[in-house]
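The following exercises are intended to be worked with the coordinates open in a viewer. Each task is followed by a solution in steps.

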Amino acid sequence: MTSTADVHPVVDPPRPPRGRSATWAALRPLVVRLHFYAGILIAPFLLVAAATGLLYAASFQIENVVYRHELTAPVSQVTVPLGEQVAAARRALPEGKVAAVRPAAEPGLTTRVLLDVPGLPESTRMAVFVDPGTGQVRGALESYGGSGALPVRAWISDLHRRLHLGEPGRIYSELAAGWLWVVALGGLALWLTRRRRDGRRLRGLFTPDRAATGSRRTLSWHGSVGLWALLGLLFLSVTGLTWSKYAGDNIAGLRTAFGWETPTIDTDLGAHAGHSGHAASGGQAGGTQDVGIDQITRAAASWRLSGPLEVVLPGEPGDAYVVKEIRKTVPTRLDQLAFDPATGRFVGELRFADYPLAAKLTEWGIDAHMGLLFGLANQIVLAAIAAGLITLIVLGYRMWWRRRPTRGFGRPHPRGGLRGLHWGLLVPLALLTAVAGYYLPLMGISLAVFLVIDVLLGLRARRAG
């Protein structure tokens, strides 16, 4: 006689996930929906940031080609004294006041004399380019910021940062940088857990599944490209926020509170002011107690400062000359020395080695974001990351479009992620969101808007049902 158990074997019900699996099972619907919303609604900002960033990665080469005449000069066996080169620049632009000089760093390059001229935008000076072999002026261009960006690179930079919209334009870049890390980390979590479900090996995470078709193929490419680009995207998000309007101010406040600010050299001669009271012109006009820029640069060379250099002239009575190393590529050289303009005597120094670690990391991070730290290789990596982000966005929109019904847009992922969370997860998540929203206010505000819209859509769907 056959028992019922022989015909219908008893199967134990599946056990609910425990530990980490249970935690992720509760979080996954929320992460999926957040990744979906951020990907759909923030992706346009990210796309603009990536496209303009890709252009900026090539801006140094564009600048060198466009301004080749100003930036280069015939190689000469003789060099005109630096003071005479500065005088030639002053004659070419008599309305300007010489603020700093960047001597030619190597044969074949011009000396750049930076002048403050009334009416120029903030952080902008006029750069007069002088042939160090003949002392002749080869041109004058606006120079922006500490990197000395000339007009074409400055235009590309402003397009990337603000879309040429002024301060309101910084909102777009802050939204992009603020959400990028959320989208990237959410995508990483989803991709890794999908690997476990599909039984893919670690190596398979980095390469798309060529056997897949349709939406699975698109998802495979999306996940693999995202994994390759992940570290770069997180880096660009963090460093990009330092330039943002609201989050940038909060980051600056944190750096100040923890003593992580970049130190500055003291240019006030103090007790030496009486010896340099007539040196305010920095040798520009009638300075009777100024040893001159040539003697200052010779003194700097004796202290083993090496090029490229920038010599900052005294701005006010009692100020010192400051000679700076401005090498941003590795190995970084940013040492600074101060000299008494009346005697040429060394009066102070600031060595990059003495920077706080946080200040060094900030400097390196910003330089890497700008494509300066590792030169051409840095720019190629930035271009690759930007191209990868553009690819991710296109693939993401493609997946969304394939989810659409017969007509209209793709369906969002199901709601209810928050309701499924245990309070032990919900409370820390809410605190983390509040902290992130406080320090990244534009991200916090946009997240609140998403949640309100989502709740309203949910109420509408419930009433319609």
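The exercises below concern a predicted model.

**Exercise 1. The sheet**

Determine the strand order of the open sheet of 8 strands and identify its edge strands.

Solution.
- Step 1. The strands of the open sheet follow the order β4-β3-β2-β1-β5-β6-β7-β8, and the pairing is antiparallel.
- Step 2. An edge strand pairs on one side only, and this applies to β4 (137–144) and β8 (346–350).
- Step 3. From one strand to the next, the twist averages 25°.

**Exercise 2. Bridges along the sheet**

State how many bridges join β3 to β4, β2 to β3, β1 to β2, β1 to β5 and β5 to β6, giving one bridge partner for each pair.

Solution.
- Step 1. Begin at the edge strand β4: its antiparallel pairing with β3 (residues 124–130) extends over 7 bridges. Ala127 has Leu141 in β4 as its bridge partner.
- Step 2. Between β2 and β3, which run antiparallel, there are 5 bridges; Arg112 is matched with its bridge partner Phe129 in β3.
- Step 3. β1 and β2 also run antiparallel and are joined by 5 bridges, with Asp116 in β2 as the bridge partner of Lys97.
- Step 4. On passing to β5 (residues 309–312), β1 (residues 97–102) pairs in the antiparallel sense over 2 bridges. Here Val101 has the bridge partner Val311 in β5.
- Step 5. β5 is joined to the antiparallel strand β6 (residues 321–325) by 4 bridges, and Lys324 in β6 is the bridge partner of Glu310.

**Exercise 3. Enclosure of a strand**

Is strand β2 (residues 111–116) largely enclosed or largely open?

Solution.
- Step 1. A residue is buried when its relative accessible area is under 20%.
- Step 2. In β2, 5 of the 6 residues are buried, so the strand is largely enclosed by the rest of the structure.

**Exercise 4. The nonpolar cores**

Identify the helices that supply at least two residues each to the largest nonpolar core.

Solution.
- Step 1. This core has 32 residues, of which Leu46, Trp179, Leu233, Leu389 and Met443 touch the most other members.
- Step 2. The helices supplying at least two residues each are α3 (43–57), α8 (170–198), α10 (214–241), α14 (375–402) and α16 (441–464). The largest share, 8 residues, is that of α8.
- Step 3. Leaving aside residues up to four places away in sequence, Leu46 touches Ala176, Leu180, Leu389 and Ile393.
- Step 4. A second, separate core consists of 24 residues, including Val86, Leu305, Leu309 and Tyr321.

**Exercise 5. A helix pair**

Classify the packing of α6 (residues 82–92) against α12 (residues 293–302) from the angle between them.

Solution.
- Step 1. The two helices pack at an angle of about 135°, and their axes are 7 Å apart.
- Step 2. An angle over 145 degrees would count as roughly antiparallel, and one of 65 to 115 as roughly perpendicular. α6 and α12 are therefore oblique to each other.
- Step 3. At the contact, Leu82, Gly83 and Val86 of α6 meet Ile293, Asp294 and Thr297 of α12. These residues comprise 3 nonpolar, 2 polar and 1 charged.

**Exercise 6. Backbone features in loops**

Describe the backbone at Pro331, Leu163 and Arg304, and locate each residue.

Solution.
- Step 1. Val330 and Pro331 are joined by a cis peptide bond with omega of about -5°; Pro331 lies in the loop between β6 and β7 (336–339).
- Step 2. Leu163, in the loop between α7 (151–162) and α8, has a positive phi near 55°. Because its relative accessibility is 27%, Leu163 counts as partly exposed.
- Step 3. Arg304, in the loop between α12 and β5, has a positive phi of about 65°. Its relative accessibility is 76%, so Arg304 counts as exposed.

Note on methods: Residues numbered from 1 in each chain as written. Predicted model: local features only at pLDDT ≥ 70, side-chain atom pairs only at ≥ 80, totals over all residues. Heavy atoms only, no water. Core = buried A, V, L, I, M, F, W, Y, C linked by side-chain atoms within 4.5 Å. Buried < 20%, exposed > 50% of the residue type's maximum accessible area, 1.4 Å probe, protein only. Contact = heavy atoms within 4.5 Å. Pairing = 2+ DSSP bridges. Axes fitted to C-alpha atoms, helices over the stretch in contact; angles between N-to-C directions. Parallel < 35°, antiparallel > 145°, perpendicular 65-115°, else oblique. Nonpolar A, V, L, I, M, F, W, Y, C, P; charged D, E, K, R; others polar.
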